[in-house]
Number of protein chains: 2
Amino acid sequence: MRIGELAERTGASRRLLRYYEEQKLISPGRSDNGYREYAEFHVGRVMQIKGLLDAGLPTRIIRQILPCLDQPRSIYFDDLTPEMVAILEREHDHLTQRIDCLTRNRDSIAEYLETVRRMKTQGAPIDRAA
Amino acid sequence: MRIGELAERTGASRRLLRYYEEQKLISPGRSDNGYREYAEFHVGRVMQIKGLLDAGLPTRIIRQILPCLDQPRSIYFDDLTPEMVAILEREHDHLTQRIDCLTRNRDSIAEYLETVRRMKTQGAPIDRAA
DNA sequence: TCCGACCCTCACATCGATGTGAAGGTCAAA
DNA sequence: TTTGACCTTCACATCGATGTGAGGGTCGGA
């Protein structure tokens with residue numbers, strides 16, 4: 001498929017798809033006239049990139065971990081340097097930190113909304129500051 | 001405490017602490033000479049802001065949800081508009097999406113590292129692409 | 001044949017989160 | 001009293017993720 005269709009199906013602008021390519025996050029083929037040619041799997045790939053980007057990871061890191069998230073693997077274990085393992089371990093821990101932070105705050109919001117809803121049905125304000 | 005100590009204890013630069021204030025994420029007092037005065041609780045608050053920022057939330061959103069994450073509450077239920085509830089619900093869902101995305105990718109990394117480790121002890125490469 | 005809807009590259013603009021530095025005030029200790 | 005380590009505001013710089021638009025090629029259908 002060409003860039004327009006991929007843009008429509010992923011919600012990423014054409015500009016952004018070209019940017020992801022420049023950042024080496026995706027590598028579409030080219031047809032004779034120079035148009036980018038995307039395969040079906042690029043849809044999921046772009047969604048994944050968008051998700052990680054939205055979650056605060058820079059393209060630099062995404063580029064590093066992406067090849068390890070594929071099934072089948074595009075990085076073979078033989079090629080894996082100790083440095084790369086270290087990067088992955090660091091990013092794994094970093095992701096866990098982010099997840100914990102987000103989870104804590106999400107749960108606080110949930111709890112707050114829960115209280116608000118109880119409030120509405122019972123109609124009595126509570127002063128939790130006391 | 002003054003800005004220097006807070007910066008040291010939180011790892012946020014002085015510049016950034018002033019920026020958070022400008023963005024209305026924190027409101028330190030002022031001493032007679034004009035110096036910002038931070039309280040103990042600001043340490044945790046700044047850590048929380050840093051975490052959310054690092055997780056990809058913009059200050060605009062953090063500002064909206066922060067008052068609801070406090071215990072005691074700084075927003076009382078009476079003040080809570082339906083719009084605010086809608087914002088919180090939207091952000092709650094958005095956070096859940098981010099968490100899911102990060103969790104999926106973290107688990108992929110973990111699984112990959114796990115395989116790498118099994119590899120090392122057993123010494124035989126596996127071709128999962130087959 | 002030519003128009004409209006695609007595509008290309010290139011480059012400058014914007015926005016949010018930061019860094020950096022200038023010009024100057026406060027204050028404690030030598 | 002002066003020096004050094006703080007603090008203030010202001011403003012410009014940078015970096016990454018995006019938008020926008022110019023100038024131009026491709027191609028299918030009226």
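Let me begin at the DNA, with strand D: α2 of chain A, together with α1 (3-10) and α2 of chain B, each supply at least two residues of the surface near this strand, where near means that a heavy atom of the residue lies within 4 Å of the strand, and where helices (H or I, at least four residues) and strands (E, at least two) are DSSP runs numbered from the N terminus. This is a predicted model, in which local features need pLDDT of at least 70 and side-chain atom pairs count only at pLDDT 80 or more, while totals for chains, interfaces and linings use all residues. Side-chain values use heavy atoms, with hydrogens and water left out, residues are numbered from 1 along each chain as its sequence is written, and chains are lettered from A and ligands numbered from 1 in the order in which they are written.

Staying with strand D, the largest share of its surface, four residues, comes from α2(A). Of the 20 residues around DNA strand D, those that come nearest are A:Y19, B:G4, B:R14, B:R18 and B:R36. As for polar contacts, that is, pairs of N or O atoms within 3.5 Å (within protein, one must be able to donate a hydrogen and the other to accept it, and residues adjacent in sequence count only if both atoms are side-chain atoms), a polar backbone atom of B:G4 is 2.5 Å from a phosphate oxygen of DNA strand D, and a polar side-chain atom of A:S13 lies 2.7 Å from a phosphate oxygen of that strand.

Turning to DNA strand C, the residues that come nearest, of the 20 around it, are A:G4, A:R14, A:R36, B:S13 and B:Y19. Sugar and phosphate account for 67% of the atoms of this strand that come within 4 Å of the protein. A backbone N or O atom of A:G4 lies 2.6 Å from a phosphate oxygen of DNA strand C, and an N or O atom in the side chain of B:Y19 is 2.4 Å from a phosphate oxygen of this strand. Here the largest share of the surface, four residues, comes from α2(B).

Finally, the fold of chain A, which has five helices and two strands, in the sequence order α-α-β-β-α-α-α. Its radius of gyration, taken over C-alpha atoms, is 21 Å, well over the 14 Å that the globule rule (2.2 Å times the number of residues to the power 0.38) gives for 130 residues, so chain A is more spread out than a compact globule. Along its principal axes, the C-alpha trace of chain A spans about 70 × 40 × 20 Å.
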